Amino acid sequence: MKVVRNADAFLTYDPMTAGRLVKGGVESSRVFCAPNAIDQEPIRQARKWWLDRPDQLAEFQRENQIDPGKTLIFISRIEPDKRLDILIEAMKHVRAVDPTVTLVVVGDGSSRTLAEALAHRIGVADGVRFVGSIYEENQLAAWCLSSFCFAYPVAIGLSAMHAFGYGLPVITSDDISGHNPEIHAIHPGVNGLLYRHGQVEDFASKLLELSQ
C-alpha cells in the first residue's frame with residue numbers, strides 16, 4: 001500500500017485494471033491505460049499488396065478452392081492450451097447446417113496430429129484444412145483476405161489485433177478472465193462475437209451468424 005500511496009501515476013495494460021484501481025481509491029487523474037498492440041504497418045503493406053492486385057487474389061482463391069464468404073481462419077501454434085479441438089467440434093455443427101463452410105488452420109505444434117485425427121473421427125476432415133506454419137506476412141495476408149472471420153476458441157491475446165488489421169471480426173469465448181488483456185478490444189456486435197464458454201453449439205451458431 002505504501003507503493004500505491006507514493007506513486008505519481010499508474011499505467012495499466014487494460015481498462016478493467018484501471019477501473020479497479022480507481023474503485024480502490026486511486027485518483028482517476030493518476031490512472032492511465034495503455035492497451036497492448038502490434039505494429040500494423042507490415043499488415044497494411046501486405047493487405048494493400050493483395051488488394052491492389054485483385055486478379056492475383058482471385059487466382060489464389062481459385063487455386064486453393066476458397067470461397068471467402070464461407071472460409072474462417074485460425075492462426076496459432078497448435079498446442080493443448082489453444083483448444084483447437086473446441087473449434088473443430090464446432091465445425092461439425094456448422095457443416096451440419098452449411099456444408100460449404102470451411103476452416104483453415106494456419107500453424108503447427110504438438111497437438112496438430114491429434115487435431116487432424118479429431119477432424120477425421122467426427123467427419124469434418126474435408127472441411128478443415130491444415131496448411132502448416134506461415135510466417136511471411138504477405139503469404140499470410142492472402143489467407144486472411146480470403147476469410148470471413150477469425151476464430152480463436154480460448155485465451156485470446158495479440159492474435160485479435162492481427163485479425164483486426166485485416167478487417168476480420170473475431171469470435172472467441174465469453175470467459176473474459178481466461179483471456180489476455182487484448183480481449184477488451186473485442187466489442188460484441190461491433191468487431192466480433194463471444195460464444196458461451198464451453199458450449200460448442202453456441203460457438204457454431206456464432207460462426208454461422210457471420211458466414212454469408
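1. How many of the residues of β4 are buried? In this predicted model, β4 is mostly covered, since five of its five residues are buried. The cover lies on both faces of the strand, with T102, V104 and V106 buried on one side and L103 and V105 buried on the other. This fits a general pattern, for in a regular strand the side chains alternate between the two faces of the sheet.

2. The strand belongs to an open sheet of six strands, which follow one another in the order β5-β4-β3-β6-β7-β8 with parallel pairing. At the edges stand β5 (128-132) and β8, each of which pairs on one side only. On average, and with direction ignored, neighbouring strands of the sheet are turned by 25° against each other.

3. The partners of β4 can be followed residue by residue. Strand β4, which covers residues 102-106, runs parallel to β5 and is joined to it by four bridges, and V106 stands opposite G132 in β5. Five bridges join β3 to β4, again running parallel, and here F74 has V105 of β4 as its bridge partner.

4. Two helices pack on this sheet and deserve a look in the structure. Helix α5 (residues 84-97) touches β3 (71-75), β4, β5, β6 (149-151) and β8, and its direction makes about 165° with that of β4. Helix α7 (residues 137-144) touches β3, β4 and β5, and its direction makes about 145° with that of β3.

5. Turning to strand β7, the reader will find S173 there, buried with a relative accessible area of 1%. The side chain of S173 reaches the backbone nitrogen of D175 at 3.3 Å. If residues up to four places away in sequence are not counted, S173 touches Y152, P153, H179, L194, Y195 and H197.

6. Is E182, in the loop between β7 (170-173) and β8 (192-195), buried or exposed? E182 is buried and yet has no salt bridge, the nearest side chain of opposite charge being that of K82, 11 Å away. A salt bridge would need a side-chain nitrogen of Lys or Arg within 4 Å of a carboxyl oxygen. The side chain of E182 does, however, make a polar contact with the side chain of N36 at 2.9 Å. Leaving aside neighbours within four places in sequence, the contacts of E182 are Y13, N36, I156, G157, L158 and M161.

7. Elsewhere charged side chains do pair, and a search of the whole structure finds 12 salt bridges. One of them joins E41 and R44 (2.9 Å, N to O); these two are three residues apart in helix α3 (residues 41-51), and so are separated by about one helical turn. Both are partly exposed, E41 with a relative accessible area of 32% and R44 with 48%. K48 forms a salt bridge with D52, the closest N and O atoms being 2.6 Å apart; K48 counts as exposed at 52% relative accessibility, whereas D52 counts as partly exposed at 49%.

8. The salt bridge between D126 and R95 (3.3 Å, N to O) links distant parts of the chain, with D126 in the loop between α6 (112-121) and β5 and R95 in helix α5, 31 residues apart. The surroundings of the two partners should be read separately, for D126 is exposed with a relative accessible area of 60%, while R95 counts as buried at 14%. Finally, D108, R112 and E116 are linked in a network of salt bridges.

Methods: Residues numbered from 1 in each chain as written. Predicted model: local features only at pLDDT ≥ 70, side-chain atom pairs only at ≥ 80, totals over all residues. Heavy atoms only, no water. Buried < 20%, exposed > 50% of the residue type's maximum accessible area, 1.4 Å probe, protein only. Lys, Arg positive; Asp, Glu negative; His and termini not counted. Polar contact = N/O pair within 3.5 Å; in protein donor to acceptor, adjacent residues only side chain to side chain. Contact = heavy atoms within 4.5 Å. Pairing = 2+ DSSP bridges. Axes fitted to C-alpha atoms, helices over the stretch in contact; angles between N-to-C directions.
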